[in-house]
Amino acid sequence: MSEKIKFTIDGKECYAEPGQTILEAALDNGVYIPSLCYLKDVIPAGSCRICNVKVAGRFMTACTTPVAMGMEVENDIPELNELRVSIIEMLFVSGNHFCPACEKSGNCELQALAYKYTMMVPRYPYLFPEKKPDSGNKKLFIDRNRCILCKRCIRAVKDEQGRSLFAFKNRGNELAISLDHELAENISDELAEEAMEICPVGSILKKEKGFQQPIGHRKFDKQAIGSDIKSVIK
Amino acid sequence: MRNTVQKIVQKAGNDRGRLMDILLEIQAELGYVSGEVTDQLAEELGISRVDVEQTLSFYHFFRQEPRGEYTVYLNNSLVANMMGRVEVAAAFEKEAGCKFGSVTEDGRIGLFETADIGMNDQEPAALINGKVFTNLTPLVVRELVSGMRNGKKVEDMIRNYGDGKNGSDLVRAMVHNNIKQKGSVLFSAYSPGEGLTKALQMSPEKVISEVKDSYLRGRGGAGFPTGLKWEFCRRANKEVSYVFCNADEGEPGTFKERVLLTEYPHLIFEGMAISGYAIGAKHGVLYLRNEYDYLKAYLESVLEEMHEKKLLGDRILDTEEFGFDIRIQMGAGAYVCGEESALLESSEGKRGEPRNRPPFPVEKGYMDHPTIINNAETLCNVVKILKNGSEWYTMLGSQESAGTKLISVSGDCKYPGVYEVEWGIRVKDILDLAGASNIQAVQVGGPSAECIGPADFNRTISFEDLPTGGSFIIIGNKRDLIGDVVTNFLDFFIEESCGSCTVCRTMPTILKNKIAKILTGHGVQQDLEDLQDWGSKMKMANRCGLGQTAANPVLSTLKNFREKYEGLIRKDVDFDSGFDLASAVVDSCEHVGRTPNL
Ligand SMILES: Cc1cc2nc3c(=O)[nH]c(=O)nc-3n(C[C@H](O)[C@H](O)[C@H](O)COP(=O)(O)O)c2cc1C
Ligand code: SF4
Ligand code: SF4
């Protein structure tokens, strides 16, 4: 086994495998760093910016920065938590999120983060962008109103030949997710299910069966997001 | 059509990494990239359709639908507006009979806008089928449109050519160099090969230490020490490495690279060869912004000539050990591709999304090989440093900024153009040189940097005081600083963000709406606090320099011109929702045919 790298998060002594990112190492050490675009075992995107931490006074995304020996990471501090709430608020105003009517409510990571940080109402005025849903596929329904452009689906959902089913289109505030209809035509039910689960919000829905558990019994209805992490302290 | 596409793809070796070139070539042949062609490309390259589309839809100059036999891209930058773009645009619409953003019914003329095309010293300007038209007036527009109606060739619409190489056979552009002041480094006597000859007499390590000793810092904006960057790359010690020259020149208000590319291309290429020798690279790539496509054929002829003279090629200057070649990579219209890692992504045929760092390009750059990216002006300096020695170089400039700097001066002044000045020159002195008076503000370093007022005109252009990649926009007393300048810059960043980061994708629009609220008389004190507080988040939570600086137009005017904002807000109330019922119901009232009863 290779040497572990010693570092700290908010003063707590932690150990990382060589090459591990701050976020992965934090999880292994029972420290929760909030994130949205991060997906285990998939190349990090570093795009939602919620996992921002501070190292030597500089802001860095924990999901993309490898741990270095002796690093002193700041995570659960007012400045960063304030920034995180504001990012969550930006995600709310830049989309059209009607939680009570959403199939993913209770299983949605964006909603769960808003609860965690007790966001009441975004400080930013709503932008009410016009977003077109895509219902042209047999298996999947894409509701772009809810998409937070985290790239999880792009990075993780591929066909057998490794081609991506999803990709970005346009740029800037017109950035949108698009589904390759031809490739998605004959995907298995399992892959469709997986795509829906990979999406942190309710943007990718499997047609005909939007949800199984009733509201009130879902993942984040019972416990706050990230609250399971602290229990694994070694 | 299928055959044309197939041939182009084959010519590019069926390589998806060459997607930019493939798309550009298809467009040159077929006018635009249709859905059918997109499908065929996906098939031939073995990728999904959406993968082709993600690149295709990212760049401003790629077209997924016809944009007219004659496609006009009228520059919409701040200085274009200052020089009368509004009248020119109106003339285009009137003469052509269609609005901007659309194509005439017969498909002949398409009118579109584009951000800064590097002609700030001769605005209003437009690109028509890739050719540059400068100093436009409504009268000229009438002539141009009538030419288009009559099927005239675009080349034949150019009445007179600019100075220097602009008039040469392979360029034939009406662009003027406007070199207003020559200095002792860049715009000085030069014969190709002088720097390279000196370099090849030294070891690569010695070349690097010479550049380090010169204290040369990057001219692209960030000011990173050039020698150090090279040393990092050499240390990566890999079989294959690359040299990239950044000629994307996207920062509104800069046009110095345009002049270097036109008059001193040998100097740029020689600088690339020297850096290749220093880091042990055999291949160089010049990333050229699409707006400068009119220089491409000429630049390729220069490369050929340098091959013939053995300044490039397998055995440079007949040495056994050093060979170096250069290819040109065209961009397709995206400011963010000037950011070095986005430039690499783009060169690999992808969307121009900046990468996460680490790893840095010196470790893992183009196609994962160690890569240095240097600004074209930086590389030109290198040649002169090698020729004259680092000691000579450090005598020039200020304490922390050695050498000279090319400044692109534009806006409200008598003599817009490129000035080679020593670092440490005062803002005031540049204003004098440019013949500017009654000045309200100067935007130093482009929209991403700082807007300063007369109180700061004694400050110096230098890394230690006011750093600049070269943009220097003079804003006269009569201009509306918030309504025209700040708003234009915000629009620019909104249009040019790659969209990856939540904050960069969202915040500029929020700020712009807030400014609109203030400009329409609904602003209150709290709005100014919000602008400050919200704008400051951009620096903290974005991946690249674009997002980190995109709030600067607001933040720096709030800092230096706060009284202008104070003068616009309501002092009688603490709160104004900004909601205007009358305008909110205009659409619905129109729809049902009644007047609002408020
Ligand atoms: C949004 C953005 C746009 C940029 N555009 C350019 C550009 O057009 N030309 C350039 O040389 N550098 C540009 N840069 C800086 C490059 O990332 C990089 O620092 C530079 O090319 C390095 O060369 P230098 O060290 O010689 O300056 C840009 C940076 C950002 C963040
Ligand atoms: S569809 Fe879902 S997974 Fe894909 S980018 Fe949007 S939010 Fe992320
Ligand atoms: S800061 Fe803006 S331009 Fe830069 S990577 Fe993020 S979204 Fe793209």
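## Where chains A and B meet, and some local features of chain B

In this predicted model, 42 residues of chain A touch 40 residues of chain B. Together the two chains bury about 3200 Å², with 56% of that area on carbon and sulfur atoms. Three residues stand out on the chain A side: A:Arg49, A:Met90 and A:Arg171 supply 22% of the area that chain A buries against chain B, more than any other three residues. The interface also has four salt bridges. One salt bridge pairs A:Lys151 with B:Glu353, and their closest N and O atoms are 2.6 Å apart.

Now for helix H2 of chain B, residues 19–30. This helix has twelve residues and runs 16 Å from its first C-alpha to its last, close to the 16 Å expected at 1.5 Å a residue. Plenty of H2(B) is tucked away: B:Leu19, B:Met20, B:Asp21, B:Ile22, B:Leu23, B:Leu24, B:Ile26 and B:Gln27 are buried. The cover over these buried residues includes helices H1 (2–11), H3 (35–45), H4 (49–56) and H15 (340–347), along with strands E8 (283–288) and E9 (325–330), from chain B. Right after H2(B) comes B:Gly31, with a positive phi near 90°.

Next, some backbone oddities. Most residues other than glycine have a negative phi, and most peptide bonds are trans. The table lists two non-glycine residues of chain B that have a positive phi.

| Residue | Phi | Loop in chain B | Relative accessible area |
|---|---|---|---|
| B:Asn178 | about 55° | between helix H8 (154–157) and strand E6 (179–181) | 17% |
| B:Asp318 | near 65° | between helix H14 (296–308) and E9 | 46% |

Are these two buried or exposed? B:Asn178 counts as buried because its relative accessibility is 17%, under the 20% cut-off. B:Asp318, at 46%, is partly exposed.

Where do the cis peptide bonds at B:Pro358 and B:Pro359 lie? B:Pro358 sits in the loop between H15 and strand E10 (371–375) of chain B, and B:Pro359 is in the loop between H15 and E10 too. The bond from B:Arg357 to B:Pro358 is cis, with omega near 0°. The bond joining B:Pro358 and B:Pro359 is also cis, with omega about 0°.

Last up is ligand 3. Of the 13 residues around ligand 3, the ones that come nearest are B:Cys498, B:Ser500, B:Cys501, B:Cys504 and B:Cys544. By type, the shell around ligand 3 splits into seven nonpolar residues, five polar and one charged.

Conventions:
Residues are numbered from 1 along each chain as its sequence is written. Chains are lettered from A and ligands numbered from 1 in the order in which they are written. This is a predicted model: local features need pLDDT of at least 70, side-chain atom pairs count only at pLDDT 80 or more; totals for chains, interfaces and linings use all residues. Side-chain values use heavy atoms; hydrogens and water are left out. Helices (H or I, at least four residues) and strands (E, at least two) are DSSP runs, numbered from the N terminus. The expected span of a helix is 1.5 Å times one less than its number of residues. Buried means under 20% relative accessible area, exposed over 50%, partly exposed in between (1.4 Å probe, protein chains only). Contact means heavy atoms within 4.5 Å. A residue is near a molecule or strand if one of its heavy atoms lies within 4 Å of it. Ala, Val, Leu, Ile, Met, Phe, Trp, Tyr, Cys and Pro count as nonpolar, Asp, Glu, Lys and Arg as charged, and the others, Gly among them, as polar. Buried area is the accessible area (1.4 Å probe) that two parts lose on being put together, summed over both. A salt bridge is a side-chain nitrogen of Lys or Arg within 4 Å of a carboxyl oxygen of Asp or Glu.
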